[in-house]
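Trainee: Please take me through one part of this model in close detail. Then connect that part to the rest of the fold, step by step.

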Amino acid sequence: MPDPFYGLNAGADPGLLPALRDDLHFGRIRIGVHRSLHPWADAEAILAILTAGLQPLVIVRDAHQVLALEGIISGCDVELWNEPDGTVDGHYQPGNYARMVSAFLAACQRVGAVPWIGAISNLHHSGLAWLQEMLAAVSFRLAPAEAFGVSAHWYPVGRSRLNAHSGFSSRADEVEELKWIIGERPWGISEFGFHTAPQLLIRWLPRWRWNTWAWTDQQVADNIAQEWEFWRTQGANFCCLYQITDGQENIAEDRFGIRRCCTDPFNWKPSAFTVPA
């Protein structure tokens, strides 16, 4: 069986799942059903991942959705919302998110799922401050023995994967801050990635050609290979790469994929072959 430490943000295409497992050695698929209104389709997607011998990490919107998936997600890792500190899927104030946690944990316990909370957008000061405020609010509502893990995202700043976010002395310093905030809780990285779209050299100047730079496909692959080792050494329970497929445009959001956007389902980029066999 593949190691569930190595994850990928992807869908549940039954034509691709065996290749992700056997050829690329991924052991986990992170799939979002938190914006879906069709529980039967959600259950079908999760079942496809399980049938393929992969471990799902399922993003849900609330306790009601967890209960709607009873019988499917027993033993699965379940994550409450996506980047609640940001605006990608909808922002939550820390206290409002914390008020969802008790019901979420109770629902996970009832269906036999493993709960993860947080899913902050990055290990920068604003994301970690949001997490700290949210967990402080949660602690007033939960007994210390309540079991849950904390998830987070990480994306690079600048031209080197080794660059720390502003205010931190190193990447390891960012992780130490996360561990200080969450205490002895288990933690995982449910998104990380690098894209090949043009980026600004000087952010306050226009996007002229001389004012942009970009990673190559091979540089992205080299970065990802080193990130797997970094997160395992730091003690993460899992690490999920973002994402499976490029989009149509040469912009950041569309250039994180491990395969190119085309009709060939197996048009893999070098970054697809970074998980240790």
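Mentor: Start with a cut-off: a residue counts as buried when its relative accessible area is under 20%. Keep in mind that this model is predicted. Now apply the cut-off. Alanine 119 has 0% relative accessibility, so alanine 119 counts as buried. Alanine 119 lies in strand β5. Its phi is positive, about 50°, although alanine 119 is not a glycine. That deserves a flag, for a general reason. Most residues other than glycine have a negative phi.

From β5, move to helix α4. Strand β5 (114-120) is among the elements that cover the buried residues of α4. The others named there are β3 (55-60), α3 (63-68), β4 (77-80) and α5 (125-139). Those buried residues are Pro94, Tyr97, Ala98, Met100, Val101, Phe104, Leu105, Ala107, Cys108 and Val111. Read that list against the helical repeat. An α-helix has 3.6 residues a turn, so residues three or four places apart point the same way. Tyr97, Val101, Leu105 and Cys108 are among the buried residues of α4.

Next, the length of α4. This helix covers residues 94-111, which makes 18 residues. At 1.5 Å a residue the expected span is 26 Å, and the end C-alpha atoms are 26 Å apart, so the two agree. Still, α4 has a kink of about 30°, centred on valine 101. Val101 also appears among the buried residues of α4. Check the residue after the helix too. Glycine 112 follows α4 with a positive phi, near 80°.

Before α4 there is another backbone oddity. Tryptophan 81 sits in the loop between β4 and α4. Its phi is positive, about 65°, although tryptophan 81 is not a glycine. Its relative accessibility is 9%, so tryptophan 81 counts as buried.

Helix α7 makes a useful second case. It runs over residues 217-234 and has 18 residues. From first C-alpha to last it reaches 26 Å, close to the 26 Å expected at 1.5 Å a residue. The buried residues of α7 are Val220, Ala221, Asn223, Ile224, Glu227, Trp228, Phe230, Trp231 and Gln234. They pack against β1, β6 (149-154), α6 (171-182), β7 (187-192) and β10. Just after α7, glycine 235 takes a positive phi of about 105°.

Two of those partners, β1 and β10, lead to a long-range contact. Leucine 8 is in strand β1 (residues 6-9). Its relative accessible area is 0%, so leucine 8 is buried. Isoleucine 244 is in the segment after β10. At 12% relative accessibility, isoleucine 244 counts as buried. Leucine 8 and isoleucine 244 are 236 residues apart along the chain, yet their C-alpha atoms are separated by 6.9 Å. Compare leucine 8 with histidine 38: 30 residues apart in sequence, 23 Å apart in space, C-alpha to C-alpha. Setting aside neighbours within four places in sequence, the contacts of leucine 8 include Leu20, Ile29, Cys240, Gln243, Ile244 and Ile258. On the same terms, isoleucine 244 touches Leu8, Asn9, Ala10, Leu16, Leu20, Gly257, Ile258 and Arg259.

Gln243 brings in one more backbone feature. Glutamine 243 is in the segment after β10 (239-241). The peptide bond from tyrosine 242 to glutamine 243 is cis, with omega near 0°.

Tyr242 then points to the largest pocket. Val88, Tyr155, Tyr242, Glu253 and Phe256 lie nearest its centre, out of 40 lining residues. The pocket volume is about 1,000 Å³. Its lining divides into 16 nonpolar, 15 polar and 9 charged residues. Strands β2 (28-32) and β8 (199-200) each supply at least two lining residues. The largest share, 3 residues, comes from β2.

Last, the enclosed space. The whole structure has 1 cavity of 30 Å³ or more. The largest cavity has a volume of about 30 Å³. Val220 of α7 and Phe256 are among its lining residues. The others are Phe194, Thr196, Asp217, Arg255, Gly257, Lys269 and Ser271. By class, that lining has 3 nonpolar, 3 polar and 3 charged residues.

Definitions and conventions. Residues are numbered from 1 along each chain as its sequence is written. This is a predicted model: local features need pLDDT of at least 70, side-chain atom pairs count only at pLDDT 80 or more; totals for chains, interfaces and linings use all residues. Side-chain values use heavy atoms; hydrogens and water are left out. Helices (H or I, at least four residues) and strands (E, at least two) are DSSP runs, numbered from the N terminus. The expected span of a helix is 1.5 Å times one less than its number of residues. The bend at a residue is the angle between axes fitted to the seven residues ending there and the seven starting there. Buried means under 20% relative accessible area, exposed over 50%, partly exposed in between (1.4 Å probe, protein chains only). Contact means heavy atoms within 4.5 Å. On a 1 Å grid over the protein atoms alone, a cavity is a set of points where a 1.4 Å probe fits but cannot get out, and a pocket is an open set with protein on both sides within 12 Å along at least five of seven lines; lining residues have an atom within 4 Å of a point. Grid points are joined across faces, edges and corners, and a volume is the space filled by probe spheres set on the points. Ala, Val, Leu, Ile, Met, Phe, Trp, Tyr, Cys and Pro count as nonpolar, Asp, Glu, Lys and Arg as charged, and the others, Gly among them, as polar.
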